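Student: Could we take a close look at one part of this protein together? I would like to go through the aromatic side chains and what lies around them.

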Amino acid sequence: QVQLVESGGGLVQAGGSLRLSCVASGRTFRNYYMGWFRQPPGKERELVAAITWSGGTYYADSVKGRFTISRDNAKNTVYLQMNSLKPEDTAVYYCAASTKGLRYRNDYEYWGQGTQVTVSS
């Protein structure tokens, strides 16, 4: 089992920045692909960014150039730096861990409880 705890969400004005953190416990963190998903109100949960154990990354087109995912394996932590935030980035953001793959929601076996990000216009 892996336990994931997110933090860092909040309310920010458009154009602002936030950094989300996700601390993992339970199993060897470096064995997992790690992803950040988001779920806007009334919409499907979607992959925002993901990172392999060695630092390879994937980004959704909607966040490329604005968001940066990183991980610190020594601290069992994955981060999502979000810059130039837009109102359409408003969502609950979830951290997730996978042993199967990077890109697909169904590959992720463990999920955090989510943290709310609200971007005002």
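Student: Is tyrosine 108 buried or exposed, and what is its relative accessible area?

Tutor: Happy to look with you, and please keep in mind that this is a predicted model. Tyrosine 108 has a relative accessible area of 5%. Buried means under 20%, so tyrosine 108 is buried. Tryptophan 111 comes out at 27% relative accessibility, so it counts as partly exposed.

Now for the rings themselves. The count comes to four aromatic pairs. In one of them, tyrosine 32 and tyrosine 110 have ring centres 6.1 Å apart and planes at 75 degrees, so this pair is edge-to-face; the cut-off for that label is over 60 degrees. Tyrosine 32 sits in the loop between strand S3 (18-25) and strand S4 (33-39), while tyrosine 110 belongs to strand S10 (residues 108-111), so the pair ties together parts that are 78 residues apart in sequence. Both tyrosine 32 and tyrosine 110 are buried.

Back to your residue: the rings of tyrosine 108 and tryptophan 111 have centres 6.3 Å apart, with planes at 55 degrees, so that pair is tilted. Together with Phe37, Tyr108 and Trp111 make up one aromatic cluster. Tryptophan 111 also has a charged partner: arginine 45 lies over the face of its ring, 4.9 Å from the ring centre. You can find a similar arrangement at phenylalanine 29, where arginine 71 lies over the face, at 4.5 Å from the ring centre.

Next, look at aspartate 107, in the loop between strand S9 (91-98) and S10. Aspartate 107 is buried yet has no salt bridge. The nearest side chain of opposite charge is that of lysine 100, 6.0 Å away, and a salt bridge needs a distance within 4 Å. Leaving aside neighbours within four places in sequence, aspartate 107 is in contact with Ser98, Thr99, Lys100, Gly101 and Leu102.

Strand S9 brings us to one last feature. There is one disulfide, and it joins cysteine 22 to cysteine 95, with an S to S distance of 2.1 Å. This pair links distant parts of the chain, since cysteine 22 is in strand S3 and cysteine 95 in strand S9, 73 residues apart. The torsion about the S-S bond is about -75 degrees, so the disulfide is left-handed. Cysteine 22 is buried, with a relative accessible area of 1%, and cysteine 95 counts as buried at 0%.

Conventions. Residues numbered from 1 in each chain as written. Predicted model: local features only at pLDDT ≥ 70, side-chain atom pairs only at ≥ 80, totals over all residues. Heavy atoms only, no water. Phe/Tyr/Trp six-rings, centres within 6.5 Å; stacked < 30°, edge-to-face > 60°. Helix = DSSP H or I, 4+ residues; strand = E, 2+ residues; numbered from the N terminus. Buried < 20%, exposed > 50% of the residue type's maximum accessible area, 1.4 Å probe, protein only. Lys NZ or Arg CZ within 6 Å of the ring centre and 35° of its normal. Lys, Arg positive; Asp, Glu negative; His and termini not counted. Contact = heavy atoms within 4.5 Å. Disulfide = S-S within 2.5 Å.
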